[in-house]
Amino acid sequence: MSIDLDRTRPIWRQIAAVVVERIEDGTYPAGSRVPSVVELSAEFEVAASTAQKVLGHLKSEGLVRAEIGLGTFVEDRSAD
């Protein structure tokens with residue numbers, strides 16, 4: 001699946017929006033693993049630092065949680 005990124009807006013925000021959309025539409029359901037930094041950077045053809053910024057932002061928003069050695073997972077927000 002190819003995503004066209006608008007190079008006039010911050011790339012990391014656009015990628016974060018795609019991941020959020022995938023969480024909301026159930027592509028990445030609660031408790032499931034989201035793509036790693038390496039996987040995101042390969043899919044969107046961006047630097048690893050950009051992909052890291054995406055995951056950091058999603059974590060700060062409470063959408064995902066990182067588990068050392070296991071990956072990053074969608075938070076279960078159904079209790080909210």
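Buried means under 20% relative accessible area, exposed means over 50%, and partly exposed is in between (1.4 Å probe, protein chains only). With that in hand, note that buried residues make up 36% of the 80 residues in this chain.

Before you start clicking: this is a predicted model, where local features need pLDDT of at least 70, side-chain atom pairs count only at pLDDT 80 or more, and totals for chains, interfaces and linings use all residues. Residues are numbered from 1 along each chain as its sequence is written, and side-chain values use heavy atoms, with hydrogens and water left out.

**Stop 1: the whole chain**

Show the cartoon. You'll find three helices and three strands, in the order α-β-α-α-β-β along the sequence. The chain's radius of gyration is 12 Å, close to the 12 Å that the globule rule gives for 80 residues, so the chain is as compact as a globular protein of that length. Helices (H or I, at least four residues) and strands (E, at least two) are DSSP runs numbered from the N terminus. The radius of gyration is taken over C-alpha atoms, and the globule rule is 2.2 Å times the number of residues to the power 0.38.

Switch to the C-alpha trace, which spans about 35 × 25 × 25 Å along its principal axes. Of the contacts (heavy atoms within 4.5 Å) between residues at least 6 apart in sequence, 43% join residues at least 24 apart.

Now turn on the surface. About 5100 Å² is exposed, with carbon and sulfur atoms supplying 51% of it; the areas come from the Shrake-Rupley method with a 1.4 Å probe, and for residues only the protein chains shown count as cover.

**Stop 2: R22**

Select R22 in helix α1, which covers residues 11–24. Is R22 buried or exposed? R22 is buried, at a relative accessible area of 10%. Show side chains too: that of R22 makes a polar contact with the side chain of Y28, at 3.0 Å. A polar contact is a pair of N or O atoms within 3.5 Å; within protein, one must be able to donate a hydrogen and the other to accept it, and residues adjacent in sequence count only if both atoms are side-chain atoms.

**Stop 3: V64**

Next, pick V64 in strand β2 (residues 64–67). V64 is buried, with a relative accessible area of 2%. Which residues does V64 touch, not counting those up to four places away in sequence? They are I23, V34, L55, L58, K59, T72, F73, V74 and E75. Try a distance to V74: the two residues are 10 apart in sequence and 4.4 Å apart in space, C-alpha to C-alpha.

**Stop 4: G31**

Move to G31, in the loop between α1 and β1 (33–34). G31 counts as partly exposed at 40% relative accessibility. Leaving aside neighbours within four places in sequence, G31 is in contact with F73 and V74. Its C-alpha atom is 22 Å from that of S41, 10 residues away along the chain.

**Stop 5: E45**

Go to E45, in the loop between α2 (37–44) and α3 (48–60). At 70% relative accessibility, E45 counts as exposed. Check the backbone here: phi of E45 is near 55°, a positive value in a residue other than glycine. Most residues other than glycine have a negative phi.

**Stop 6: P10**

Finish with P10, in the segment before α1. P10 is partly exposed, at 43% relative accessibility. Add T50 to the selection: P10 and T50 are 40 residues apart along the chain, and their C-alpha atoms are separated by 9.8 Å.
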